[in-house]
Amino acid sequence: MNIIDMSTQGLSPEEIIEFRKILNQHIKNARIKSKHKKCLLCEKESSFCNSHTIPQFCLRNIAWNGKLNSINTLIDSELLNKDSGINNAGTFHIICRPCDNNIFKDYEKEEAYMGCPTEIPLNQIALKNSLRDIYKHEMEIEMFEACKQIMKDKSPFLSFFVNRFFDAQICTRKRDCQECYEVFNIAKKHLTSSDNWIKLISFDKLPYTVPIAFQGMIVLITGMNGETINDIFNHKRNYSMEYLHLAVFPLEASTAIILFMDSKNTPI
Ligand SMILES: [Zn+2]
């Protein structure tokens, strides 16, 4: 994992404003370049809706005056926003409104997580996770392509090193993206089929509402006994990561913590 230093120490207020403008413009360009023509779920040409990666009812349970703190509250960089409205928190734009409304109905109901969730909302969580990460990785690829070109234009004599650095980043993101499409295809197939592909590892309920919400895929390096689950330095083409799906859903008066994976994955 690469950590980008987002510290603005030493920059003047004018420089911070200029950096924010440049960063936002790059994000906007990458979003345009990576935009799909068709909805990934129904494959129809359509405008894309503001899909949430965390059920909206969870966000409402922890919002303050309609606002949520972002991860940047911890990073504390002046280059990023520290909060966002419920409608814009953790969103992606890769599926159409009818698909978002119809396919994720169970996922969006608080009742689905009051007791141990069935495979239906879990499959929908996996589908959302894969869609969000596909969107994110495809944008990152365009961001790296743009940065590569800018640096080559500024310093042509460094082209060799610039190419090597950014091509490695792009290659990694393409691999990540391909793996997300594999998760996506499995979860999409199981919207209409009922064979069990999900292994629920744990479901815990806390008797209070935690002030954070999380939903996403994580890659474990080792299991509980130190055994290797994912060799993150294995770059062979036929090697792919095994993902865990983790959800921390703050409910009205409790919290659901859900951990599950593909039942074919290495047991942990
Ligand atoms: Zn659609």
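What follows is a walk through this structure, from its helices and its core to a few loop residues. Keep in mind as you look that this is a predicted model.

Let's begin with α1, the helix formed by residues 13–33. Its 21 residues reach 30 Å from the first C-alpha to the last, close to the 30 Å expected at 1.5 Å a residue. Is this helix largely in the open or largely covered? Of its 21 residues, the number buried is one, so α1 lies largely in the open.

Even so, α1 has a packing partner in α5. The two helices pack at an angle of about 120 degrees, and their axes are 8 Å apart. An angle of that size makes α1 and α5 oblique to each other, and α1 passes α5 in a right-handed crossing. If you would like to find the contact on screen, pick out H26, N29, A30, R31 and K33 on the α1 side, then M139, E142, M143 and A146 on the α5 side. As a reminder that helps in reading such lists, an α-helix has 3.6 residues a turn, so residues three or four places apart point the same way.

Now turn to the pairing of α5 with α6. Here the angle is about 165 degrees, with the axes 8 Å apart. Angles over 145 degrees count as roughly antiparallel, and α5 and α6 are therefore roughly antiparallel to each other. In this case α5 passes α6 in a left-handed crossing, whereas the crossing of α1 past α5 is right-handed.

Helix α6 deserves a look along its length. At 1.5 Å a residue, its 31 residues should span 45 Å, and its end C-alpha atoms are 44 Å apart, which agrees. Which of its residues are buried? They are V162, D176, E179, C180, V183, F184 and A187. The cover over these buried residues includes α5 and β7. R175 also lies in α6, but this residue is partly exposed, with 16 other C-beta atoms within 10 Å. Although R175 and S240 are 65 residues apart in sequence, their C-alpha atoms are 8.3 Å apart in space.

Two of the buried α6 residues, V183 and F184, lead us into the largest nonpolar core. This core has 39 residues, and those touching the most other members are I95, A126, L131, I134, V183, F184 and F249. Two or more residues come from each of α2 (56–62), α5 (119–154), α6 (159–189), β7 (243–250) and β8 (255–262). The element that gives the most is α5, with 11 residues. F184 makes a good place to zoom in: leaving aside residues up to four places away in sequence, F184 touches L127, S130, L131 and I134.

Not every part of α5 is buried, though, as two of its residues show. I150 is in helix α5 and is partly exposed, with 13 other C-beta atoms within 10 Å. Q149 lies in α5 too, and with 12 C-beta neighbours inside 10 Å it counts as exposed. Some distances help to place them: I150 and A112 are 38 residues apart in sequence and 48 Å apart in space, C-alpha to C-alpha. For Q149 and G85, the figures are 64 residues in sequence and 34 Å in space.

Finally, visit the loops, where two backbone angles catch the eye. Most residues other than glycine have a negative phi. E43, however, has a positive phi, near 60 degrees, and sits in the loop between α1 and β1 (51–52). With 12 C-beta neighbours inside 10 Å, E43 counts as exposed. N65 also has a positive phi, near 55 degrees, and its place is the loop between α2 and β2 (67–69). N65 counts as exposed as well, with 6 C-beta neighbours inside 10 Å.

One more loop residue ends the tour. A253 is found between β7 and β8, where it is exposed, with 9 other C-beta atoms within 10 Å. How far is its C-alpha atom from that of N61? The two are separated by 8.9 Å, while their positions lie 192 residues apart along the chain, counted as the distance from one to the other.

Conventions: Residues are numbered from 1 along each chain as its sequence is written. This is a predicted model: local features need pLDDT of at least 70, side-chain atom pairs count only at pLDDT 80 or more; totals for chains, interfaces and linings use all residues. Helices (H or I, at least four residues) and strands (E, at least two) are DSSP runs, numbered from the N terminus. The expected span of a helix is 1.5 Å times one less than its number of residues. A residue is buried if 20 or more other C-beta atoms lie within 10 Å of its own, exposed if 12 or fewer, and partly exposed in between; C-beta atoms are placed from the backbone. A nonpolar core is a set of buried Ala, Val, Leu, Ile, Met, Phe, Trp, Tyr and Cys residues joined through C-beta atoms within 7 Å. Two residues are in contact if their C-beta atoms, placed from the backbone, lie within 7 Å. Axes are lines fitted to C-alpha atoms, for helices over the stretch in contact, and angles run from 0 to 180 degrees between N-to-C directions. Angles under 35 degrees count as roughly parallel, over 145 as roughly antiparallel, 65 to 115 as roughly perpendicular and the rest as oblique. A crossing is left-handed if the near helix is turned anticlockwise from the far one by less than a right angle, and right-handed if clockwise.
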